[in-house]
Amino acid sequence: MKKLFSFSILILLFGSASAQNKFTLSGKITDAKNGEELIGASISVPKLKTGATTNAYGFYSLTLPEGSYEVEFSYIGYELNKKTIVLNKNVSLNIELSESKKQLNEVLIKTDKVNNDNVTQNKMSVVKIDVKQVKKIPILLGEVDIIKAIQLLPGIQAAGDGSSNFIVRGGNIDHNLVQLDEAVVYNPSHVLGFFSTFNGDAIKDFEIYKGGIPSQFGGRLASVLDVHMKDGNNKKFAATGGIGVLSSRLTLEGPIVKDKSSFLISGRRSYFDIFFPISSELDGVKAYFGDLNLKLNYTLNERNKLYLSGYFGRDVLGFAGFAGFGWGNSTGTLRWNHLVNSKFFINTSLVYSRYSYNFDINLSDNLNFQRSNYIDDLNLKVDGSYFVSAKSSFKFGVKLNHFVFLPGKLDPITQNSIVTSRALPEKKAIQQDFFASHSYKIGSRFSTEYGARVSVFSNMGAGRSINYLNGSPTYLENGFIKESPKDENNPYTNYKNNEIYNTNVGFEPRVNLSYLLNSTSSIKASYNRMFQYMHLIQNITASTGQEFWTPTDNYIKPQMADQVALGYFKNFMENVIEFSAEAYYKKMNNTIELRDGADIQFNEAIEAQVVAGEGRAYGLELFARKQTGKTTGWIAYTLAKSERRANNVNNNEWYSFRFDRTHYLTVVVNHQLSERISISGNFIYATGEAFTQASQRYQLFGSTQPSIFYSARNNARFPAYHRADISLTLSRKKIPGKVYKNESDWVFSLYNLYGRKNAFTLSYDTLDNVPVIYKWYLFTFVPSITYNFKF
């Protein structure tokens, strides 16, 4: 009986015990023009009604019974490629796909195919946008920005007008895992948060997960933004660039050894600070950002390939030499792809990431200082994919992280400064992650992917922790949370180098289910649990560098979230229009909330400035999208609620999260008027943000200044937010035999078309001894012009 049971399990995992011979078709799918690997390309065998998709490195594997098949290879925006394959042995087949020819009518050319992957794939709460489409979306000052594009999707919103920080399904800003070639980008923003760190010319592909997150991802509660850089053209040398109102950029790429090795160098620099001296009010102000993307790859042989990529970005903001900020990210990824055989793919990565900032004060030659902090993240990851059959595949891996946190360091800028160097103690930690998942298709309709991730986070010396007199970092007095005093007899516990002194373990199950109702519709469900061991401490939302990351420790617990989602997916007009409706519920524990009156500036006792909280978020997301024809775009609507509750805050009652928006509607449209002219537009409507409103104004005896009393937390709303943007693109395409040898276009855009004065913040004052509230806004009409070129 035991043998029969074991045999049944093997059949479930590895397919039926048929005597028919099976062989594997495998290979890579690339762009015929530049050799870039295509991520998520579809491989379909209509005869068997089965197929596969390429992984993050363009690799596919499909095991089929012996026979002759017509196999279709497709990718959105590319021509369909059909091959007749005689499968009587394992076959390695690399495919190159060519971009579709332009058309000005709604009829698809015969070589095109619009797939129904959004219906048939066992994925939900995931959206992928072609970078080419992002470049058509009107964005503030004409900058191509993938983060601004995802803010137009359901369940995702901007954290303020023009901000590149984003909120996903009621999560915080730091609940989003942002990766560039597997390296974490801890602050993906430039210019006080108004622009992202991602240069559109250097990006090949990106995908945003809002739920149903695969087991290979972890460390954040709300979402994963997985971004891949271009590898570099391995066919010929190419250059692209642009000159805009805010910045200019240039990308160079080409083969080192044709079809075997290539490089990419992409740089961008703002220059609006050049014009500051023209204005006497801005003379001495310094403000600019720059970033650099680098990548090399080398194909050793058919089974091995190496990649080396890096990103370096920096922002500088200064005021006449008296004060200034600086912040930036640096990442590096060394990756080795190894094909063990036609079914077994392994990727090994060594990844480094660093985020740092500095705050400078320079009042005089003897009174000046620089305050800085950083986080260093070094990790080694090995992950594999094993393709058992067309119905069954496994993913698994292990990852080891080493973190170093410097909460604060103070240094004099000049030798004459009276400020002496000092630093808060470093904090170190290691994290071990183990993950595995199994995808299995039962029959022709039901698919499942189940797996788990085990995360082990340990604090490590050398370092120290504070001993508080009552054992807790905070206490309650007269309704106010205050910092507990240190134990004067034993204020600190010191830890030796590499000594493990605190460990947290998280078990994170993941499940995705899909049932195909028919060829054009399906229902899907998902559940995931996420742990987060690193927390962003900041008292403002704009990314000015006045923020730092701190780890889970003896006092600060890891954050945890459970999310369930249910969705209906339907395609219309032969898959030309896709529609989805998703409902979700998320529960968050141990969220980090600043206590009232918190002091986070150069304070070692950061655990005494925060309180543990909990959160809940739920909503309904509707999404309709058209990706082919002369008119493309989408409509997204989110109906949602997000709340928080924290110890001894708001009388321990639930209150609205700051970015709780009941309604959030976005419309994105692009229309190709002719071969050379296209027009695009966006519209956004959202319920106003929640804020804490002042309810009373009083003056204490002997005081000359009035005081303000605030009522329940986040009990009021800003006015509704709405805005329309529009752009016009004039293109000159390269035409063989014509005078045009290169491609170029002019983009004219207008942000906030009708000049809506959306509230950014409020301030309180008095006018003729009468209390008044001032509404501050950032943008009205913002025109821009950008020239892009390619040769």
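This briefing covers the overall make-up of the chain, one sheet, one buried serine and the salt bridges. The model is predicted. Its chain holds four helices and 53 strands, and 53% of its 791 residues are buried.

**Overall make-up**
- Of the contacts in the chain with a separation of 6 or more, 65% are between residues 24 or more positions apart.
- The exposed area of the chain is about 34,700 Å², with 58% of that area supplied by carbon and sulfur atoms.

**A five-stranded sheet**
- One open sheet is built from five strands in the order β9-β16-β17-β12-β13, with mixed pairing.
- Its edges are β9 (126–128) and β13 (183–184); each has a single partner strand, so one side of each has no neighbour in the sheet.
- Within this sheet, β12 (residues 176–180) and β17 (residues 223–229) run parallel and are joined by five bridges.
- Gln179 has Asp226 in β17 as its bridge partner.
- Strands in a sheet pair through backbone hydrogen bonds, in either a parallel or an antiparallel arrangement.

**Surroundings of Ser680**
- Ser680 belongs to strand β44 (residues 677–686) and has a relative accessible area of 5%, so Ser680 is buried by the under 20% cut-off.
- Beyond its neighbours within four places in sequence, Ser680 contacts Lys136, Pro138, Val669, Asn670, Asp725, Ile726 and Ser727.
- A polar atom of the Ser680 side chain lies 2.9 Å from the backbone oxygen of Lys136.
- Leu728 is 48 residues from Ser680 along the chain, yet their C-alpha atoms are separated by 6.5 Å.

**Salt bridges**
- The whole structure contains 36 salt bridges.
- Side chains of opposite charge can pair when their charged atoms come close.
- Lys28 and Glu37 form a salt bridge with an N to O distance of 3.0 Å, and Glu37 is buried at a relative accessible area of 3%.
- Another salt bridge joins Glu182 and Arg335, whose closest N and O atoms are 3.5 Å apart.
- Glu182 sits in the loop between β12 and β13, while Arg335 is in strand β23 (residues 323–341), so this pair ties together parts 153 residues apart in sequence.
- Glu182 counts as buried at 11% relative accessibility, as does Arg335 at 5%.
- Arg453 and Asp433 meet through their side chains in a salt bridge of 3.4 Å, N to O.
- That pair links strand β29 (residues 446–460), which holds Arg453, with strand β28 (residues 427–442), which holds Asp433; the two residues are 20 apart.
- Both Arg453 and Asp433 are buried.
- Glu36, Asp181, Lys204, Asp231 and Lys295 are joined into one network by salt bridges that share partners.

Notes:
Residues numbered from 1 in each chain as written. Predicted model: local features only at pLDDT ≥ 70, side-chain atom pairs only at ≥ 80, totals over all residues. Heavy atoms only, no water. Buried < 20%, exposed > 50% of the residue type's maximum accessible area, 1.4 Å probe, protein only. Contact = heavy atoms within 4.5 Å. Areas by Shrake-Rupley, 256 points an atom, 1.4 Å probe, with all protein chains shown as cover. Pairing = 2+ DSSP bridges. Polar contact = N/O pair within 3.5 Å; in protein donor to acceptor, adjacent residues only side chain to side chain. Salt bridge = Lys/Arg side-chain N within 4 Å of Asp/Glu carboxyl O.
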